[in-house]
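Thanks, everyone. I have a few places in one chain to walk through, so please keep the viewer open.

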Amino acid sequence: SLLRQMTTAEKIQQLHKEASMNTASNLRLGIPGFVMSDGPHGVRDGLATSFPVGIAMAATWDVELAEQVGKAMGEEFRAKGKHQMLGPAIDLTRDPRNGRTPESGGEDPYLNAQINSAIIKGVQSTPCLATAKHFNLKHKQANRTNNNYLISQRLLMDHYGLNFRTAVQDAGAFSIMSAYNLINGEQAAESFNLLHTILREQWGFPYYVVSDWGAVKNTEKAIEGGTDICMGSDHYQNDLPGLVSSGKVPLAVIDEAVRNVLRTKILSGILDYYPVGNPDDLNSDAHKKLCLEAGKKSLVLLKNLNNLLPLNVDSLDTIAVLGPNAAVLPTDGTGSSWVEPFYKISPKEGIENRIGAEKVLYAKGCDISGNFAADIADALQKAQQADVVLYFGGLDHTQEGEGLDRANHSVKLPGKQIDFIKLLTGYNSKVIVVLISGGICSVNDFINDIEG
């Protein structure tokens, strides 16, 4: 009924951006546009609760908790007036040196599928649409728009497709975002095989595909391939009117894309029943408590010699808190997944709040990826004085995030971190290493020298 009332120009208007993060509304027919925001682990628009990143949620192994976190995120998106969350990022971590590993669901297809489908269910239990991304094979960040991955149809559907298939068939994701890269020589955003044969015909996806920002290179191939809405570029609004009028793109192709968009708006409630969000949901006490629980459950303990942990603070006079991540708190890598939290508490601050600042001996000792810090001598002296040493290192926004691959091309800790840790073990027998990162950091160079 709506399609029959729409002009060709009105149909095309449904298929492209109006501003950077929204599509246009059709006031004549009362069809709202989509209002989107980045946010695989929280709203990227002003301050919001920064929930654990995707790989941290996978590390919880807790499907029920993941659904609760998804629901909380959906509530915060609606609190800010957003229709659509551009997440979760359900990519498989094919190589942990990929800078967007923090956003991912890890390397196991089944775990990834279960955790992220639960997040999608939670998001969509609120009046917010989830967007499973990036379909498919997003991998290295270097040359990310031109990398061409060769793969069999079976692997594309069964291994690298399981997470997306589960998101579609089990979680009912309202949107799928196409990827930047090429697959078997075709741009993912222009692949009929990926977006029609697999996604729609084999898996039965009924809703709409949105491009990653700037992923569409060729308008004709993209619209016929199955990307319904083009974001991040002006290709659709500039090219589609002429392609339709010349007959190069049949109007039936436009109608099918608009039908997918309208179906999504109708069944999600955007068109006729869409309750306003509650501003009080933003960083509510309940969400802060949930974020803390998820953060605790995401922690991974690799070694605890002689049951050194948890520390008995009553028996400790001093703790040396050292390392490049001791006085800061990296909550993500750089890029579109970044969430600006209302507050952060660094490891140093948290420990001082727990045992008193007078018991904490702090020094940086080394940089994340550079050399030893200027206070290296002081750091070693404090390590020698303290009852126990807590080293906080790992990665930060200079080492991982959108557009970045691991700077040292290795899973080893960058810079002088390994050297510093091994130095510390010569000054104190009780060294505990805490690594804060999204991508895996190997520990084999020092795991036998430390207690925890």
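Start at Gln 187. Buried or exposed? Gln 187 is buried, because its relative accessibility is 10% and the cut-off for buried is under 20%. Keep in mind that this is a predicted model. Gln 187 sits in strand S9, residues 186–187. Where does its side chain go? To the backbone oxygen of Tyr 180, at 2.8 Å. Now its contacts, skipping neighbours within four places in sequence. They are Thr 145, Tyr 180, Asn 181, Leu 182, Ala 215 and Lys 217.

Take Thr 145 from that list. Thr 145 lies in the loop between S5 and S6. Thr 145 is partly exposed, with a relative accessible area of 23%. Again leaving aside neighbours within four places, Thr 145 contacts Tyr 180, Leu 182, Gln 187 and Lys 217. So what do the two lists share? Tyr 180, Leu 182 and Lys 217 are in contact with Gln 187, and Thr 145 is in contact with them too. The side chain of Thr 145 also makes a polar contact with the side chain of Asn 146, at 3.5 Å. One long-range number for Thr 145: its C-alpha is 38 Å from that of Arg 28, and the two residues are 117 apart along the chain.

Stay in that loop and go to Asn 136. Asn 136 is also between S5 and S6. At 4% relative accessibility, Asn 136 is buried. Which backbone oxygen does its side chain meet? That of Tyr 160, which lies 2.8 Å from a polar atom of the Asn 136 side chain. Beyond four places in sequence, Asn 136 touches Leu 156, Tyr 160, Gly 161, Phe 164, Ala 179, Asn 181, Ile 183, Ala 188 and Leu 194. Note Asn 181 there. Asn 181 came up with Gln 187 as well.

Now the backbone. Leu 137 is in the loop between S5 and strand S6, with S6 at 148–149. Its phi is near 70°, which is positive in a residue other than glycine. Leu 137 is buried too, at 2% relative accessibility.

Asn 184 has a positive phi as well, about 50°, and is not a glycine. Asn 184 is found in the loop between strand S8, 182–183, and S9. How accessible is Asn 184? It is partly exposed, at 40% relative accessible area.

Then there are cis peptide bonds to check. Gly 87 to Pro 88 is cis, with omega near 5°. Pro 88 lies in the loop between strand S4, 84–86, and helix H5, 109–124. Lys 133 to His 134 is cis as well, omega near 5°. That bond does not lead into a proline: His 134 is in strand S5, residues 129–135.

On to the helices. Leu 194, which we met as a contact of Asn 136, belongs to helix H8, residues 192–202. The buried residues in H8 are Leu 194, Leu 195, His 196, Ile 198, Leu 199 and Arg 200. For the pattern, recall that an α-helix has 3.6 residues a turn, so residues three or four places apart point the same way. After H8 comes Gly 204, with a positive phi near 75°.

Next, a helix pair. Helix H4, residues 63–79, packs against helix H12, residues 285–297, at an angle of about 140°. Their axes are 10 Å apart. That angle makes H4 oblique to H12. The crossing is left-handed. Which residues make the contact? From H4: Leu 65, Gln 68, Val 69, Ala 72, Glu 75 and Glu 76. From H12: His 287, Leu 290, Glu 293, Ala 294 and Lys 297. By class, that is 5 nonpolar, 2 polar and 4 charged residues.

Last stop, Ile 418. Ile 418 is in helix H15, residues 417–425. It is buried, with a relative accessible area of 12%. Not counting residues up to four places away, Ile 418 touches Lys 412, Leu 413, Asp 445 and Phe 446. Ile 418 and Val 63 are 355 residues apart in sequence and 35 Å apart in space, C-alpha to C-alpha.

Conventions. Residues are numbered from 1 along each chain as its sequence is written. This is a predicted model: local features need pLDDT of at least 70, side-chain atom pairs count only at pLDDT 80 or more; totals for chains, interfaces and linings use all residues. Side-chain values use heavy atoms; hydrogens and water are left out. Helices (H or I, at least four residues) and strands (E, at least two) are DSSP runs, numbered from the N terminus. Buried means under 20% relative accessible area, exposed over 50%, partly exposed in between (1.4 Å probe, protein chains only). A polar contact is a pair of N or O atoms within 3.5 Å; within protein, one must be able to donate a hydrogen and the other to accept it, and residues adjacent in sequence count only if both atoms are side-chain atoms. Contact means heavy atoms within 4.5 Å. Axes are lines fitted to C-alpha atoms, for helices over the stretch in contact, and angles run from 0 to 180 degrees between N-to-C directions. Angles under 35 degrees count as roughly parallel, over 145 as roughly antiparallel, 65 to 115 as roughly perpendicular and the rest as oblique. A crossing is left-handed if the near helix is turned anticlockwise from the far one by less than a right angle, and right-handed if clockwise. Ala, Val, Leu, Ile, Met, Phe, Trp, Tyr, Cys and Pro count as nonpolar, Asp, Glu, Lys and Arg as charged, and the others, Gly among them, as polar.
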